[in-house]
Every structure is written in C-alpha cells, then in structure tokens.
Amino acid sequence: MTLSRIALVGLLLPVFFGGNPAAGDAVQPVAVDPHGDPLPPFARARLGTVRFRHGSAIQQVRYLKGGQVLLSVGVDGSLRHWDAATGKEIHAFTPPFNAFTGQSGFVSPDGLTTASYEQDGSIRLWDVATSKELRRLKSAVQQFGAPAYSPDSKSLAVVVTDLNTGQGIVRMWDIASGKELRDFTPSVNRENMEVLNLLNVFFSPNGKVIGALGQDNEGASLLRLWDAATGRELPKFATARRNAGLAPAFALDGQTAALTTIDLVTGGSKVQVLDVATGKVAREIEDGDGNGAATLFAPDGKVLAVIAGNQLPKLWNLATGKELPALETGDNMIASALAFAPDSRTVAVGMVGATGQGSIFLCDVASGKKLHELKGYQDGYGNVRVQFNDGGMGIAPSLAFSPDGKRLAGTGMGGSLRLWNTSDGKEWRPVQGGHDGEIHALALSADGKRLATAGYDLTVRIWDVAAGQELLSLKPPEPMQNQGDAFDVGPTAVAFAPDGKSLAISWMDGALQLRDLATGKELRQCRGHESSIHSLVFHPNGKTLASSDGDGRVFWWDAATGRQLKQLAGPVAIDPNNPPLDASGIAPALALSPDGRLLAGAGPDAGRGLKVQLWELATGKLRRQIKVSTGRSGEFLGVPGGFAGAGVPAAGLVNGEAVFSTGISFTPDGRFVGLTVDDTVRLLDLATGQEVRQFGGQDGILHGVKFSPDGKLLAAAASGGAVRLWEVATGTVLTDLKGHRGTVNDLTFTPNGHTLISAASDTTVLLWDYARALEAAKTAPPALTEAELAGQWKFLAGDNGEQADQAIARLSRSPALSLPWLKGRLKAVPAIDEKQVRRLLADIESERFETRKQAGEDLEKLAELAEPYLVERLKGNPSLEARQRLEQLLEKLGGPLSDPEQVQALRGVEVLERIATPDAKSLLAELAKGAPSARLTQEAQAALQRLK
C-alpha cells in the first residue's frame, strides 16, 4: 500500500454536502465563499470560514507527508485532511452510522486508512481517500478490541479475546491483502489457570516490537512484548497485584519501554523503565501521588515525560535517572496534553486550571524555562479557551509539532484547529475573521440587513448580510473577564431592537445587556436574573423585551431604563412526589405573537410533561396553558437539567427517558405555534389547544423551529447538520438543506422570504436559496441525452468535484447510453513493459537535459506501475540529480492525481458500480484483470466485491 492511495484528493472529493441540481439546469460552476472554499448546493453565502474547521470536537491532530498535510480526527470518528499551508480541506471521511471510530489508534500513521468498530464486534477497514470499505474482520467466537497500525501503515494488529476461555491474544493482518500474518500469544501459567485479559495493543516507533497491556485473572497488571517480524515473545514483565498499569511508551529505537503503575492502596504512581531485550527494570522513577499518569519519550529517547493527573508534568533524564528542572507553566494548573519538538529540545504543554482557563506553554527541555505562552484562544481579556473531548472548555486535548519544528498545531473550540509559530509563540491563521467556537444562537434585524451571532468563543459578532462581512465583535462585560470557563461567561442569546440601533445580549452569569450597535458600547443592564438567560425577545414597539432564565423565570423589561416591569413566571414547579434529577438550567423558550399581544413560553411541566404557556403582555396574566403530548407512554417523572432557548433542550422524563423541547414559534397569522418535541415539531391550534399536525422524519433532536414569512413552510434544525423544510398545509417533507459540518443550533428566515439563515457548531453561518432547493426537489434531473453524453464524460476528467459528481449521477441513470460509451473507453491496464521502464531509468541519468526531462515525464505517466522500479533504483547509487528526480516522482505518487485520463477512468468505475447491471459487472470484471498494482484494477476489484 503506497501513498498513491490518496491520489484522488482534490479531484475525487465526494460532494460532501449533498443536494441535487435544479431540474433542467445546466451544470454550473461550484459557488465559493470569500476564501475560495466551495459552498454547499443552494447556499448563497457563508459567514465565517471552514478553513481548519473540523465541525465536531477534535481528539487528535497530526502532521502527514513531511508537514504538507494536517490530519484531524473527530470524537465521532470523522477524519479530515488539510493543506497545512492554507487550511483548505483536501479530503473528508465520515464513518458509517453505528460505527465507532473514536480512538486515535483507529487511524493509520499515514492517515490513509481508518478502522471502525461495529456493534456486532467486527472491524471494518476504510480507504480514507475514497471513503470506500476495504474489508471487514470478523469472527464468530472471538471479540475484537482496539486496533493498532504498524508505523509503515501496512499492518493492523488487534487484541482478540476468545469468548469461550476469556484468553486474550494479538492478531496481525496485512492491510493490502487482508491476509492474516501471524498471532502473538502471551505465555501463561497453565498450572495456576492463568488467563490474560489484554486491553490494548501498540507498536514501537520503528515497528520492530509489538506489545499489549492488560491484567491477569488475579489482578496483576502486565506488559507483553513480541518481535513483530517473527512473533517470538520477548521476556515478560508483570507488576505487583495491587498495581494498575497505565501507559506503556517506547523509546524511538524500540529498545526501551516505560510502564506507569499506580498503587491502588496508596494512590502513588511509579514509572518503571524496562529493557525490552531482557524484560528487566533498568530504572524506577517514583512519582509520588500521581493519581493517574501517562508517559512519553522524547524523539531522541533520552528524556521521559510523566504527565500526572494532579501534578505538573515532570521530565526525567533516562541516562542519570535525575529529574530535570521543573517546567515554567501556570500556577494551580495541571497538564492535559504534551508534545516534544522533533529535535527533543522543546516541549509543548497544555495546562488547564480548576475554572477551565488554560494555556499552552513552550518550554526548554533542559532548563524548564518558559519560551512562550501561546495566546491563540483568547476571549479578548487574556483567557485562553480550548475545547475538551467531552465538549467542555479547557486546554487542547492534542498537540503536534510540524516535522521541521517551526509550527505547533492544537485543537480548539467548535472543532477548530489552531497553529502557532514556535519561534515567537504567535498564532498563525490562514484566514481572518469569524467565530473561533461554536455558534449557538443568532438574531436578524427587522430589515434583514444585519445578523448577530453568539458563540462559545465568548463573542457576539455583527454581520452585514448582503456583503457577508463582519462589522463588529462584542466581548463579555468587563466584570466577567476573569470568571470561570466559557459556559460561565459566554453569550447565550441575542435580539435586535426593532429600530436596529441596539442589541440585547444575555450572558451565562445572568447579565442582560443592551449594546449600541454603532459603537459596541453598553447602554444599560437589566438586573434580576440569578441564573443564566437563554431566550430573549423584543416587542415590536421596541420599548420592552422579555427574557427567560435557568430557574424557569420569565421577566418583562423596560428597554429604555432596564427596569423590570413584570415577572411572568416563577421558578420551575417541582412535584414533591416525583423529584427531578436536577432542577437547574430550565428555561422556557420564548416567542412573541406577530401582533405583540401574547408571549409564549415552552418548557417542562413538572409531574406531567411538556407545556406551552401564553401570557397577555398588557396585563401580565397567564391566559392559557396547553399540555403537550410527548409521544411517550407512561408517567412523566421529573425534570432533568437542561434549558430551551439557545440550542440546548428543556427536558422531562417519561419512564426514565428524557423528552426534549428546544424551540417555539408563532405562525405569521398568530393562529398556531410550532413546538419541537424530541425529533418532531407539533403544530398547536391556539384557539382549541389541540395538536393539529406533527412534522417528523428527522433523526436526532430538532433545534429551533421557524415559519416562513408567508406561513407555507416550516423549518427546523437537526443535530446531523441539516435543515429540514416541511409544507405546513400537509406536513410533507419537502427537502433537506445539507452543508454544515456540525449541529445546526439556530435558524431564521429573512423578512422578504428569499433566504433561510442557519448557524451551527462548525463556527459558520450559511445563507440558503431555499426556493431553488425546493424547485430542484420537485423533479429528478432529466435522463441523459445522446448529445450530452460526451460533455458528461468530459466532466469526469475535470477538477470540479461537484460537477463530476453530478455527471456520475446522470451517466448512471442512463445505462442504455452510458454503458456502450464506457465499454469503448475503459480498458484494463496492461502489464508494464519492464525493458521500457529500465530504459527510462537509464535516461534519467542521461547527459542530455531533454532526454532526462522526457524520461521523467514518461515515468510519471506510468504512475504506480513504475513505483517498485523507482524504489529499487534509489537503493542503488544514482547521481544527486537523478536521486532528486526519483524522489520527486515518488512524492507525486503520494499526492493528487494529475493525469485527467486516469481520474476519468476511476470515476467511470464508480458509474459502473452504480449501474450494477450484469453488463456493468461484466465490464468491471474485465477491468479487474489488469495489472495488479494499477489503481484502476484495484478499484474495479473493490467495486465487484461490494456488488456481491
């Protein structure tokens, strides 16, 4: 398996946003945002950027291909390749539904293969460049554990447990062929009926040693090591019964291992440095009260880092066993991430405090001196904010130096990547502007000209909708600048005053501000909330506004003075016979009737279920309560924590199962309200209090609900990154707008009804031409005509991914025309002429420049067929210039395909697979007989395998 497997990057980008072209439309060029990144189908514009934006929380970042490519791995198992110089996405892979890929060991070192752990216990291997399944590993009597890849990415080792005996072994497969290479069976004491439970498997960095960590049936932690090439078990090592092994690590040469153990009685931790060849303890490092630790060798193998759960990281000189000087990092902070620079002289440490505040420090390994404190995630007041794996705020969970050591990459809020220059500690960004964290609420001015967005990067940003430009960035109030994490100080909701001159902003500490939009300065504050505010709404006259908080209170305010006029609701009522799991964080979602007479609030009804309350604003009286069917059988038991209003749900329990509501909206005529309940929207008749219609069909909790200005359409945001549109009159699903990389948290229609705006956790806002999407959804694209055939075939060779995807779809829908065309153009790749290749290799060293140049071009056309010969020649003694040419040729094999004909042929294989008729399979079978190393041959073989 070679780097050529990433060859379709940039050319075979599957149009990962989905959608169909409008009926009868000619194929149009892909629209792009101001940074040159493609917009999803039917999107008019993007506010913010997708550069280095993964879309979900990132658990790992790593450099590939000599630092040219960055890989990010999401907690959901998704992978993205990025151009490290520009931040532009090269390729994306999303795992299949119900597949677990959320561990770093599931991705090969070259970033080209990933594995998913299925619910049935099998492991599936995927080609990241094509998103195609390679093969599945499965056994009826064995359970697979976490896998590990060899450093060269050619082999996969998996912990396998025999379900009958409980004994663990390690098995290793060749990824290219799927052939099992060998088993690694740990020795056991059969007289004592010893059984080994292996927990994980790993390779040494040089690939020569394979190891597994686990426990025996008496509780002793153990480390087993083998020679990876022969399967011979190396001397074994086991800890005392009361110790738990944690984090094996290897020196770069594979001759030294380190095992951290914790004394389960005292809580103290100890690091034992082992000689791999003998299994003997070469050195012990007592680490005191470690309470959990991890170990990491510096690249040169001379220094060992110990990262303890409640301590600063410690560095040890392995030659002397002495602790190096303490690293100069923040006070009262603990380490959550650590990475050594390639030269082993510098270490990057992510530190996080008890409040969630964090920093990343670059320190000198020898002296511990602080070189730089990285300030990439500031909220404007010096507080660094980065995202934990679980979505909380803290320091980056993954750090990686570039191979040349000049840059450090880390993971941040909203699934974003951050890079710093290690020379000066300054953040490097390929593009400027936009949110750095998840956007969870938006508001549109009455004239539709300006948009406000609230994000977990602690800012509220104001945008010119028509120009797509950011006008203003508003930060938290000064007293909040040094408080807690972003969930303590961040904005929760925004609302424009009807005259567009001021903006109401609520914050997690209960502060409610009115800001002047010309200057960004605070006009006044509304005081009274004791918990976070999650919903805001202005009266059409601009004189008053309503807010709801986490205690269930609803306040009505005088906008001119900030004085509280009325309290419309009190704290959430709790049924004493059915106490809630957690009564905090309950806030009704608010909506105002079009005539400004009624305020609606949606939230939990303790002891019964969900409810909608209607207040008359003139008097403050509660006029009506509508009990809402949850769609669940059984008694409503209580109110767990959560709130409605900013994309986070209010919830009730039915038989212990949570029921969610995240938004409420009036129809334009004021006769109905739409309320989200779990994965449905309920249309309630205010005159009768009855539910008249349900809108469903979307997986996952729906976030927010909005009606179009003409009242004919209903839109709701989904956790899968889509916005669904229904016809109100019939409840029919009309279309899905797909393009966000994360959960869509809020949405709204423009007043003129021409555009739908959505904001998501991927840090961006999309403006949708939903009318065109609806038109496209009415009729499938017409069948291909003979006159269009040549044009569609030509599109397959182009570098426009969306255009090629549409051509593939049209060709596959017209097999009567496309199959004969493909038969005349797709031919099996013939075996390579060895004499020709060797002649070209000789010409590479010709004295004539033109001969050398032509030979290089001819070898490049042979692509992967010439690769073994190139490698063989490099092992000889070519001239310096020839060596450079050969290395450049091999490098090109690992990059995107540059030969349009080869790209065209590979896309033709995809057309045949979609057609899937006997004739199509027959042509695939012919292509599968070509030269074994040819990409076309391999793709044809894989397509036939999937069609079985």
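**Buried cysteines, salt bridges and the packing of helix H11**

Cys-526 is buried, with a relative accessible area of 1%; here buried denotes under 20% relative accessible area, exposed over 50%, and partly exposed the range in between (1.4 Å probe, protein chains only). Cys-363 is likewise buried, at a relative accessible area of 0%. The structure is a predicted model, in which local features require pLDDT of at least 70 and side-chain atom pairs count only at pLDDT 80 or more, whereas totals for chains, interfaces and linings use all residues. Residues are numbered from 1 along each chain as its sequence is written, and side-chain values use heavy atoms, with hydrogens and water left out.

A disulfide is a covalent bond between the sulfur atoms of two cysteines. With a disulfide defined as a pair of cysteine sulfur atoms within 2.5 Å, a search of the whole structure returned zero disulfides.

Salt bridges were assigned where a side-chain nitrogen of Lys or Arg lies within 4 Å of a carboxyl oxygen of Asp or Glu. This rule yields a count of 28 salt bridges. One of them joins the side chains of Glu-89 and Arg-80, with an N to O distance of 2.6 Å; both Glu-89 and Arg-80 are buried. In helix H10, Arg-914 forms a salt bridge with Glu-910, the closest N and O atoms being 3.3 Å apart. The two residues, Arg-914 and Glu-910, are four residues apart in H10 and therefore separated by about one helical turn. Arg-914 is partly exposed, with a relative accessible area of 40%, and Glu-910 is partly exposed as well, at 24%. Elsewhere, salt bridges that share partners join Arg-53, Arg-418, Glu-427, Arg-429 and Asp-436 into one network. Within this network, Glu-427 pairs with Arg-418, their closest N and O atoms lying 3.3 Å apart. Glu-427 is partly exposed, with a relative accessible area of 26%, while Arg-418 is buried, at 1%.

Helices (H or I, at least four residues) and strands (E, at least two) were taken as DSSP runs numbered from the N terminus. Helix H11 spans residues 918-927, and its buried residues are Ala-920, Leu-923, Leu-924 and Leu-927. Viewed down the axis of H11, these buried residues fall within an arc of 105°, so they line one face of the helix; the arc is that of the directions from the helix axis to the C-beta atoms. An α-helix has 3.6 residues a turn, so residues three or four places apart point the same way. With contact set at heavy atoms within 4.5 Å, the buried residues of H11 pack against helix H5 (815-823), helix H10 (900-915) and helix H12 (935-947).
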